[in-house]
Amino acid sequence: MPVKILKVEDGSAFILERIMYTKRYTLSLDRNKCVGCDLCIAACPKEAIKIVNPSDLADIENPPKKITVKVLEDKCNFCGICSEICIFGAFKQSVNDEEFIPVLKSESFPEVIHEVEVDEGKCPIGCKVCEEACPLSLIKVKWNGELEGKVKVEIDKDHCPVCRICEVKCPYNAIHTRKIISGLIKVNIDLCPEGCRACVDACPIPNVLFISNEGKVSVNDSFCVYCGACKNACPVEGAIDLRRISVHHTPVKSGAWNKALERLTSTGNMAKELRSKSIFKTYESVKKLHVRSRVSK
Amino acid sequence: MSVKHESEDLRVGVFVCHCGLNIAGVVNVKEVVEYAKTLPNVVFAIDNRYTCSDPGQEEIRKAVKEHKLNRVVVAACSPRMHEPTFRRCVDEAGLNPYLFEMANIREHCSWCHPSTPKEATEKAKEIVKMAVSKARLLRPLEPIEVPVASTALVVGGGVAGINAALELAEMGFKVYLLEKNESIGGHMAQLDKTFPTLDCSICILGPKMVDVARHPNIEIISFADLLSVEGYIGNFKVRIRKNPRYVLEEKCTGCGECLPACPIEFPNDWDMNLGVRKAISVPFPQAVPLVYRINRDYCIECYKCIDACGPRQAINFDQKPEEIELKVGTIIVATGYDIYLPEEGNLYGYGKYSNVITSLEFERLILAAGPTGGHVVRASDGKMPKVVVFVQCVGSRDVNKYPYCSNFCCMYTLKHTIQLKEHYGSDVEVYVFYMDMRSNFKGYEEFYYRAREMGVNFIRGRVSKVIEDPETKNLLIHAEDTLLGEPIELEAELVVLATAAIPNKGIEEIARILNVTRGTDGFFMESHPKLKPLDTPVDGIFLAGACQGPKDIPYSVSQGCGAAARAATILSKPSVKIEPIISVVDPEKCRNTKVKCGICATKCPYGAIKAEPGMPAQVISAMCHGCGTCAAECPADAITQMHFTDAQIFAQIEAALEKNPEDKILGFCCNWCSYAGADLAGTSRFEYPTNIRIVKTMCSGRVDRDFVLEAFRRGAGMVLIGACHLPYDCHYIDGNWKMKARMEALAKALEKMGLTPDRFRIEYISAAEGSKFAQVVREMAEKLRDMGRERIIIENEKLRPYLERMLGKKR
């Protein structure tokens with residue numbers, strides 16, 4: 001029986017399905033959440049994801065207005081890596097309608113840690129600073145009803161790229177975050193075309209990139225999530241220098257992850273992680289030895 | 001012509017066969033005998049009822065002794081049929097077997113001219129005359145003896161190949177079993193039950209597969225491709241590419257611990273893509289050899305399998321394809337068949353409607369170890385269907401698709417209906433739409449009655465269309481009940497299509513590599529449909545199983561064992577004799593001694609000729625396949641192909657065109673394709689005009705320009721060259737291409753001299769195209785008649801001086 005591959009695409013969604021007699025694999029992309037960055041493209045082991053400009057998709061129904069991505073149906077093997085690496089949670093992978101990321105189960109890929117913790121004890125009733133500050137509207141602060149005077153802060157972590165705005169804005173020091181990706185970003189303003197603000201428009205976090213008083217693009221590094229959407233939007237090669245250094249993730253030992261990390265950061269940074277892993281391993285084994293020798297004594 | 005006649009007293013005996021009424025019913029045999037007696041050097045002529053029978057052969061032996069015959073001509077059937085028989089007979093009479101010639105007056109005469117007995121008799125006489133003319137020039141030849149490698153290659157590890165390999169191995173021969181898939185087993189390993197006994201298929205095949213793996217004389221080469229085959233009977237050189245599994249065969253224990261570690265799944269084609277398998281896996285648990293394989297198309301290289309494999313260290317991502325070379329004495333081809341998937345055009349909604357499946361897919365559904373755990377469910381809702389309709393002859397017995405009957409579909413459909421009834425009883429209604437129920441072997445008819453008794457409804461008629469209800473996904477079937485003669489409609493919840501068995505996907509490539517012909521149906525063609533069902537025209541290569549046409553399991557098993565026996569007849573001897581119809585270079589005439597020539601060496605398809613500078617060219621006898629291309633190409637006429645010498649063929653041309661040449665079409669036909677095509681025209685009783693006279697060569701590459709020139713010089717009305725189809729059908733690799741290059745240039749030259757282009761024709765006719773041969777002759781005869789004798793005679797007179805000049809050196 002021919003394997004049925006179903007592709008549905010419009011401006012707000014891209015759905016790829018592999019329908020077989022006994023199983024159905026679905027990979028869906030929410031284009032409203034997709035910022036047109038290159039995390040999934042770099043992480044995909046099969047090079048199945050490509051960047052698309054709105055002009056490439058002019059013939060589909062209500063085409064998207066900004067840069068986004070598409071998945072090549074002949075290359076995708078539904079491993080789920082894209083859906084894990086997307087810090088905005090734009091991809092969703094499911095098998096028989098149940099969300100399922102095969103590579104996580106087998107520890108072939110780490111879980112990317114969205115670390116946003118709120119010490120709700122510090123929150124006074126009535127404060128909604130974080131809720132208002134969140135650029136992606138992912139925070140809901142509640143205190144009414146059954147909560148009986150306690151404050152509850154609900155954060156949609158799956159879709160949170162951890163820009164840290166909430167942490168900085170919180171007047172009570174109640175929020176602790178840790179960036180998912182650490183890195184460096186520089187704009188070489190000498191290369192910027194006159195009046196261009198493509199990167200500013202592409203950036204999903206407000207005020208990371210802005211036009212300064214001199215009319216040039218400036219960067220506020222502290223809230224940058226290092227997704228690379230600006231770089232994809234930039235019309236000039238080399239005007240934006242984005243370097244990722246590390247990705248905050250659960251420990252795994254996987255060739256697929258090493259290769260993804262190499263593409264996401266650099267060979268040097270991937271090697272650094274490998275080295276630290278082996279140091280960790282040595283440390284663990286030494287510790288075990290030490291304990292054993294103490295016990296034997 | 002410079003023909004050296006040894007001072008030998010030629011004594012030719014002619015034996016004309018009645019073949020019952022096959023020949024005598026049309027041709028006046030007595031008249032042919034009387035005519036034969038008048039031919040030069042014929043000292044004895046007689047007719048027999050059946051020359052090939054024992055008394056017939058005895059008569060030849062007696063006559064050779066009594067009349068001191070030293071040349072024998074038998075006018076009977078095709079030499080492709082009985083030449084070996086009569087050669088043996090002549091040999092027994094104490095005569096060299098190559099002093100025998102056959103006149104084909106059955107396939108080429110009586111069978112294809114039944115309504116013109118007078119003309120047929122005249123044609124028969126001339127065929128005999130041609131044979132006698134050639135016979136007078138025959139020379140005794142000694143067969144070449146070559147050693148035999150006592151190993152065999154079996155291509156294809158299905159049930160036929162498995163049995164062939166096991167039989168040969170049991171006889172003590174080393175066998176290489178080549179399989180392109182990961183596991184041996186073939187289609188039989190995919191099946192749930194077998195008809196009519198309802199034995200579990202893998203339960204009876206599995207042990208055999210294990211026997212193969214364990215047998216010390218068998219080496220399984222799986223997941224490998226056949227690259228090339230060179231050589232000849234007893235001495236084939238085979239190159240094979242082993243594709244990388246990225247799992248080392250010698251280290252993998254088949255434990256399967258890597259399986260749960262792998263995160264990636266992909267459609268399992270073993271399950272007809274109904275289910276999935278892991279990127280590292282075996283196609284099915286009983287696979288032999290039980291070696292896992294990583295599908296790099298899907299693998300994401302997380303290396304979790306390496307961890308799981310641990311100290312066994314069986315996984316190696318750096319594995320490369322490996323080429324190996326084997327030397328084998330014989331080859332058994334058992335490459336099997338494929339199932340037709342009517343995706344294109346969505347026949348009966350297949351591929352478009354989710355509840356229309358093929359029988360092989362049904363097989364995987366009802367199999368307990370299959371992707372649904374043996375539950376027959378619909379793809380649309382996962383529910384058990386209450387009404388199941390089976391549609392027979394999908395693609396087969398269809399002149400627009402596959403006109404042949406696929407042999408086993410009726411029986412497997414009966415099996416499926418019985419299985420459904422056994423599983424679900426009265427919960428399921430079963431209908432079968434059939435054209436004819438064919439249940440023609442032991443226990444099969446009883447099986448049909450069993451299905452009827454279980455309440456399966458049989459409706460005779462072809463389904464015209466299937467329409468899906470978009471809501472329920474049920475299928476509305478439109479058909480005609482041809483027994484009641486009225487249209488019927490039926491709502492089914494599942495439709496199962498019994499699709500045609502078709503030639504394997506790679507059969508074209510295998511046919512090209514092995515030089516084995518295929519029939520019009522695309523399957524391999526046997527040497528003789530009745531008497532050599534397992535042989536191919538290539539000595540030392542045999543067929544078994546469904547690669548020759550759809551066959552069920554017992555038939556395939558018998559063929560596997562039979563092919564093993566055929567192979568063993570070669571392998572059990574230390575050497576074989578090969579026909580000495582090879583080329584010989586006359587060192588006196590060879591130009592290579594004086595100038596840099598070496599044309600023969602470049603034209604030889606087998607590299608069997610060495611032409612060192614300053615030395616006469618040399619033919620390596622054991623490598624020469626006897627196509628005669630070199631003889632036709634040699635600019636100095638220094639090369640002679642034994643048994644097909646220039647002189648012999650010139651004598652045949654002369655004999656054919658002695659009387660009324662302008663009315664005749666002289667055909668040069670290659671032994672394997674066009675001559676066999678002409679035979680098939682006779683066997684099929686296609687009638688065509690009697691004008692054609694056929695000269696047989698082994699390959700169209702042998703047809704010298706001089707033959708064509710001589711034919712026109714002698715006034716031939718038309719000349720036809722029949723060859724194997726381009727590009728790959730030639731039995732001598734590319735003799736047809738050499739002929740094409742040579743003859744297209746000649747045709748241009750002849751046209752310039754004033755020859756009407758229609759009078760010289762090149763046709764590519766396969767052994768299966770009897771109707772094409774008849775059609776070509778009909779067309780040519782018609783054109784000949786349209787042109788009229790007068791015009792041809794005038795044209796020939798104009799051509800003659802040119803032709804004589806061109807033939808100067810020969811004359």
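Which residue follows H13(B), and is its phi positive or negative? I shall return to that point after introducing the structure. Good morning, colleagues. What we have before us is a predicted model, and I shall speak about chain A and chain B, beginning with their contact.

The contact draws on 25 residues from chain A and 37 residues from chain B. In general terms, the size of an interface is often given as the accessible area lost when the parts come together. Here, chain A and chain B bury about 2,400 Å² between them, and 55% of that area lies on carbon and sulfur atoms. On the side of chain A, the residues that lose the most area to chain B are A:Met1, A:Pro2 and A:Tyr21, which together account for 32% of what that side buries. Charged pairs also cross the interface, where 3 salt bridges are found. In one salt bridge, A:Lys253 meets B:Asp307, with the closest N and O atoms 3.2 Å apart.

Let me now turn to the interior of chain B, and to a sheet. Five strands of chain B form an open sheet with parallel pairing, in the order S10-S7-S6-S18-S29. Its edge strands are S10, residues 218-221, and S29, residues 541-543, each of which pairs on one side only. On average, neighbouring strands of this sheet are turned by 20° against each other, direction ignored. If we look at one pairing, strand S7 of chain B, residues 174-178, runs parallel to S10(B) and is joined to it by 4 bridges. Within S10(B), B:Ile218 stands opposite B:Val175. Helix H6 of chain B, residues 159-170, lies across S6, S7, S10 and S18 of that chain, and it runs at about 165° to S7(B).

This brings us to helix H13 of chain B, residues 507-514. Its buried residues are B:Ile507, B:Ile510, B:Ala511, B:Ile513 and B:Leu514. Seen down the axis of H13(B), these residues fall within an arc of 165°, so they line one face of the helix. They pack against S6, S11, S18, S28 and S29 of chain B. H13(B) also contains a salt bridge between the side chains of B:Arg512 and B:Glu509, at 3.1 Å from N to O. The two residues are 3 apart in the helix, a separation of about one helical turn. B:Arg512 is partly exposed, with a relative accessible area of 31%, and B:Glu509 is partly exposed as well, at 39%. As for my opening question, H13(B) is followed by B:Asn515, whose phi is positive, near 65°.

Helix H12 of chain B, residues 444-453, may be described in similar terms. Its buried residues are B:Tyr444, B:Phe447, B:Tyr448 and B:Ala451. Down the axis of H12(B), they fall within an arc of 100°, so they line one face of the helix. The face turned away from that buried side carries the exposed residues B:Glu446 and B:Glu453. Among the elements covering the buried residues of H12(B) are helix H11, strand S23 and helix H14 of chain B. Just after H12(B), B:Gly455 takes a positive phi of about 95°.

Next, is strand S27 of chain B enclosed, and what tells us so? In S27(B), residues 494-499, 6 of the 6 residues are buried, so the strand is largely enclosed by the rest of the structure. B:Leu494, B:Val496 and B:Ala498 are buried on one side, and B:Val495, B:Leu497 and B:Thr499 are buried on the other. S27(B) pairs in the parallel sense with strand S20 of chain B over 3 bridges, and B:Val495 is the bridge partner of B:Val356. Strand S21 of chain B also runs parallel to S27(B), joined by 5 bridges, with B:Phe390 opposite B:Val496.

I close with salt bridges. Over all chains, the count comes to 63. B:Asp381 and B:Arg378 form one of them, with the closest N and O atoms 3.1 Å apart. B:Asp381 is partly exposed, at 37% relative accessible area, whereas B:Arg378 is buried, at 4%. In another, B:Arg759 and B:Glu795 meet at 2.7 Å, N to O. That pair links distant parts of the chain, 36 residues apart: B:Arg759 lies in the loop between H20 and S38 of chain B, and B:Glu795 in helix H22 of chain B. Both B:Arg759 and B:Glu795 are buried. Finally, a network of salt bridges links B:Glu654, B:Glu710, B:Arg713, B:Arg714 and B:Glu804. Thank you.

Methods. Residues numbered from 1 in each chain as written. Chains lettered and ligands numbered in written order. Predicted model: local features only at pLDDT ≥ 70, side-chain atom pairs only at ≥ 80, totals over all residues. Heavy atoms only, no water. Buried < 20%, exposed > 50% of the residue type's maximum accessible area, 1.4 Å probe, protein only. Arc of directions from axis to C-beta. Contact = heavy atoms within 4.5 Å. Pairing = 2+ DSSP bridges. Axes fitted to C-alpha atoms, helices over the stretch in contact; angles between N-to-C directions. Buried area = accessible area lost by both parts, 1.4 Å probe. Salt bridge = Lys/Arg side-chain N within 4 Å of Asp/Glu carboxyl O.
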